[in-house]
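Subject: Structure handover

Hello,

Here is the structure you are taking over, with the sequence alongside. My notes on what was found in it follow below.

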Amino acid sequence: MSTWRDNLRTIEPYVPGEQPNLPDMVKLNTNENPYPPSPKVVETLKNFDCDSLRLYPDPNSQVLADALAKCYGLQSDQVFLGVGSDDVLAIAFMTFFNSKKPILFPDITYSFYDVWAELFQIPYERPALDDHFDLIPEDYYKENGGVVIANPNAPTGVLQSLDFLRDVIEHNRDVVVIIDEAYADFSGSSALELTKEYDNVLIVQTYSKSRSLAGMRIGYAIGNPELIRAMNDVRYSYNSYPMTRLSVALGAAALEDEAYFRETVAKVIETREWTKKELKRLGFSFRDSQTNFIFATHEIVPAQTIFDVLREKHIFVRHFGQKRIENYLRISIGTQAEMERFIRETEQIIAQNR
């Protein structure tokens, strides 16, 4: 009898947000930016030399690495590029978490972390957030193989202070501390300065949210050159041409339009604050989100009910069945018009279920 199935690696996979394609939908379930990319990106796309696509891309993605280094006042050897921040984080897990000690990340956070740990056979522990969804610093003082903190956290939207992060890093000088800043641009705060203070800190960011380029899959990490060199060694060992020529060109173009970037981020934040007020009026409670989404629970109507009825109306939000947060909805911030429609429909659902 064939026994090849005995050698399969089985794992519970990450489940991405639903990607419906309906003409009248309001898509508030995957934290995409509701505004289009910068006009400079559009112009670069129109003028892109398609003949160049027959050639392999630069394995170093040097044009984009240089552009990001210039943007942040760094050297290019402090920048690592990947196919979205998921790719960057996966490579960081493979590169830095190879001891027998468990890595640490919260019980409620980006749900890909435990998937990677399982996939790469990395031991891990998930210290519980407190009842207000804050991290407890003392949970990260014990011996471990590495620390991963999403800041602001997903799906809770909670931002931990730089002092909190410094405290955790000071208690973990012998391991790599990864700070996942996928949503930092919507918080007005970043821990990038910590990469200058500590040689064991890696900051991971993405173009998928604030840069309106989720479809291009561009992510990057910033850290000291030794960390970046180690990640490149791992990456080149299995994928020597990770970034497409088009991704590099559009990613560099997006960085040239700082005014547009700030304008769209400001619009998302303005609509987020309006939505917070409306949700409170309707009886929702939530932490003060510093992201482009709100993680909310209603005082009377179950999250599953709201989710299901909204979906019937082609309004898509995210509902997690995970323990402790099964009665919460994660609501991405769309355009002002989209959020007004969401609020109108949600108000009707609540009125009908009181």
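The lining of the largest pocket in this predicted model divides by class into 13 nonpolar, 10 polar and 7 charged residues. The volume of this pocket is about 630 Å³. It is lined by 30 residues, of which Tyr14, Thr30, Asp86, Tyr110 and Lys209 are the closest to its centre. Helix α3, residues 84-96, provides the largest share of this lining, with 3 residues.

The second largest pocket holds about 440 Å³ of space. Its lining has 26 residues, and those closest to the centre are Pro13, Tyr14, Val15, Ser111 and Phe320. Two elements, α4 (112-119) and β12 (318-319), each supply at least two lining residues here, and α4 gives the most, with 3. By class, the lining of the second largest pocket has 13 nonpolar, 6 polar and 7 charged residues. Note that Tyr14 is listed among the residues closest to the centre for the largest pocket and again for the second largest pocket.

Cavities come next. There are 3 of them with a volume of 30 Å³ or more. About 70 Å³ of space lies in the largest cavity. Its lining consists of Pro36, Pro37, Ser38, Ser210, Arg211, Ser212, Ala254, Asp257, Tyr260, Phe261 and Thr264. The largest share of that lining, 3 residues, comes from α9. By class, 5 of the lining residues are nonpolar, 4 are polar and 2 are charged.

One residue of that lining, Ser212, also stands out in its backbone. Ser212 has a positive phi of about 60 degrees, although it is not a glycine. Most residues other than glycine have a negative phi, and most peptide bonds are trans. Ser212 sits in the loop between β7 (201-206) and β8 (219-222).

Where are the cis peptide bonds from Asn151 to Pro152 and from Ala154 to Pro155? Pro152 lies in the loop between β5 (146-150) and α5 (162-170), and Pro155 is likewise found in the loop between β5 and α5. Omega is near 0 degrees for the bond from Asn151 to Pro152 and near 10 degrees for the bond from Ala154 to Pro155.

On helix packing, three pairs are worth listing.

The first pair is helix α2 (residues 62-72) with helix α8 (residues 245-255): their axes come within 8 Å and cross at roughly 20 degrees. An angle under 35 degrees counts as roughly parallel, and α2 and α8 are therefore roughly parallel to each other. The crossing of α2 past α8 is left-handed. On the α2 side the contact is made by Val63, Leu64, Ala67, Leu68 and Cys71, and on the α8 side by Ser247, Val248, Gly251, Ala252 and Leu255. By class, this contact of α2 with α8 has 8 nonpolar and 2 polar residues, and no charged ones.

Helix α8 also packs against helix α1 (residues 39-46), with axes that come within 8 Å and cross at roughly 145 degrees. Here α1 passes α8 in a right-handed crossing. From α1 the contact takes in Lys40, Val41, Thr44 and Leu45; from α8 it takes in Leu246, Ala249, Leu250, Ala253 and Ala254. The residues of this contact of α1 with α8 divide into 7 nonpolar, 1 polar and 1 charged. Ala254 of α8 belongs to this contact and to the lining of the largest cavity.

The remaining pair is helix α9 (residues 258-281) and helix α11 (residues 336-352), which pack at an angle of about 10 degrees with their axes 10 Å apart. That angle makes α9 roughly parallel to α11. Thr271, Trp274, Thr275, Glu278, Leu279 and Arg281 of α9 make the contact with Gln336, Met339, Glu340, Phe342, Ile343 and Glu347 of α11. The contact of α9 with α11 has 5 nonpolar, 3 polar and 4 charged residues. Helix α9 is thus listed twice in these notes: it packs with α11, and it supplies 3 residues to the lining of the largest cavity.

Regards

Note on methods. Residues are numbered from 1 along each chain as its sequence is written. This is a predicted model: local features need pLDDT of at least 70, side-chain atom pairs count only at pLDDT 80 or more; totals for chains, interfaces and linings use all residues. Side-chain values use heavy atoms; hydrogens and water are left out. On a 1 Å grid over the protein atoms alone, a cavity is a set of points where a 1.4 Å probe fits but cannot get out, and a pocket is an open set with protein on both sides within 12 Å along at least five of seven lines; lining residues have an atom within 4 Å of a point. Grid points are joined across faces, edges and corners, and a volume is the space filled by probe spheres set on the points. Helices (H or I, at least four residues) and strands (E, at least two) are DSSP runs, numbered from the N terminus. Ala, Val, Leu, Ile, Met, Phe, Trp, Tyr, Cys and Pro count as nonpolar, Asp, Glu, Lys and Arg as charged, and the others, Gly among them, as polar. Axes are lines fitted to C-alpha atoms, for helices over the stretch in contact, and angles run from 0 to 180 degrees between N-to-C directions. Angles under 35 degrees count as roughly parallel, over 145 as roughly antiparallel, 65 to 115 as roughly perpendicular and the rest as oblique. A crossing is left-handed if the near helix is turned anticlockwise from the far one by less than a right angle, and right-handed if clockwise. Contact means heavy atoms within 4.5 Å.
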